[in-house]
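Visitor: Please take one part of this model and look at it closely. Then tell me how the rest connects to that part.

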Amino acid sequence: MNEQTLKVQKIKNGIVIDHIPCGMALKVLKILGIEGDRGSTVTMAMHVNGKNGPKDIVKIEDRNLDEREIDKIALIAPSATVNIVENYEVVKKHRVHVPMQIKGIVKCMNPKCITNQREPVESEFTVLSEEPLILKCRYCGREMKQKDVIESII
Ligand code: CTP
Ligand code: ZN
């Protein structure tokens, strides 16, 4: 290893979220509830050179991701891969996928939507388009673009 290759250290155990679009690493940390004040050790690299151009990377030690968290990552970073690292080896690698049904993880932008009332119904969206991301509320029909979706992840 030399100065040109050592950017971010390898981790022993945990997860590496790789191939995140530039600038999205902070959003990924936010939706995972990571604020750096307790829990896992986190390293983050923004705008690093990858094989296919610049990318962001997030590494979280001694932590797993559940399906719900992976679905949220897919909305923010559809190109991401989630690598599970055990004893320094990548033991599992999977690409995230925008889920077909998005239930309870995005808040509808329409304040009058039934999902935003005092006794709310759980939000639910269908995917009109993955790239660029466009979701449609099952209840009020409101369409949301990726930028809105990212701001509305619960
Ligand atoms: N990684 C890590 N710690 C380890 C092993 C891997 O932080 N002990 C990181 C690597 O730095 C890389 C990611 O996990 O960012 C995936 O590792 P690997 O599959 O070895 O890299 P590539 O083959 O380049 O992955 P891809 O083909 O998905 O780009
Ligand atoms: Zn709605």
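**The zinc site and its surroundings**

Guide: C140 is partly exposed, because its relative accessible area is 32%, which falls between the 20% and 50% cut-offs. The model is a predicted one. C113 is buried, at 1% relative accessibility. Both cysteines bind the zinc ion (ligand 2) through SG. The other protein donors are C108 (SG) and C137 (SG). The four sulfur atoms lie 2.3 to 2.4 Å from the zinc ion (ligand 2). The angles among the four donor atoms run from 100 to 115 degrees, and the site is tetrahedral. For four tetrahedral donors, the ideal angle is 109.5 degrees.

Along the chain, the donors of the zinc ion (ligand 2) are spaced as C-x4-C-x23-C-x2-C. C113 and C140 link distant parts of the chain, 27 residues apart. C113 sits in the loop between β6 (101–103) and β7 (124–130). C140 sits in the loop between β8 (133–137) and β9 (143–145).

Now step back to the domains. The domain assignment gives domain 1 as 14–95 and domain 2 as 101–152. Their C-alpha centres lie 24 Å apart. Eight residues of domain 1 are in contact with 10 residues of domain 2. The area buried between the two domains is about 720 Å². Carbon and sulfur atoms give 66% of that area. On the domain 1 side, K27, R68 and L75 lose the most area to domain 2. Together they account for 64% of what that side buries.

Helix α2 (residues 67–76) deserves a look next. It is mostly covered, with seven of its 10 residues buried. These are E69, I70, K72, I73, A74, L75 and I76. The cover over them includes β1, α1 (25–31) and β5 (89–95). It also includes β6, β8 and α3 (146–151). At the N-terminal end, D66 caps α2. A side-chain oxygen of D66 lies 3.2 Å from the backbone nitrogen of R68.

Strand β1, part of that cover, spans residues 14–20 and holds D18. D18 is buried, because its relative accessible area is 13%, under the 20% cut-off. The side chains of D18 and K55 are joined by a polar contact of 2.9 Å. Beyond its neighbours within four places in sequence, D18 is in contact with K55, D56, I57, A80, T81 and N83.

Definitions and conventions:
Residues are numbered from 1 along each chain as its sequence is written. Chains are lettered from A and ligands numbered from 1 in the order in which they are written. This is a predicted model: local features need pLDDT of at least 70, side-chain atom pairs count only at pLDDT 80 or more; totals for chains, interfaces and linings use all residues. Side-chain values use heavy atoms; hydrogens and water are left out. Helices (H or I, at least four residues) and strands (E, at least two) are DSSP runs, numbered from the N terminus. Buried means under 20% relative accessible area, exposed over 50%, partly exposed in between (1.4 Å probe, protein chains only). A polar contact is a pair of N or O atoms within 3.5 Å; within protein, one must be able to donate a hydrogen and the other to accept it, and residues adjacent in sequence count only if both atoms are side-chain atoms. Contact means heavy atoms within 4.5 Å. Donors are N, O and S atoms within 2.8 Å of the metal (3.2 Å for Na, K and Ca); water is not among the atoms, so sites may look incomplete. Four donors count as tetrahedral if all angles lie between 85 and 135 degrees; four count as square planar and six as octahedral if opposite donors are over 155 degrees apart and all others between 65 and 115; anything else is irregular. Domain bounds come from an automatic or database domain assignment. Buried area is the accessible area (1.4 Å probe) that two parts lose on being put together, summed over both.
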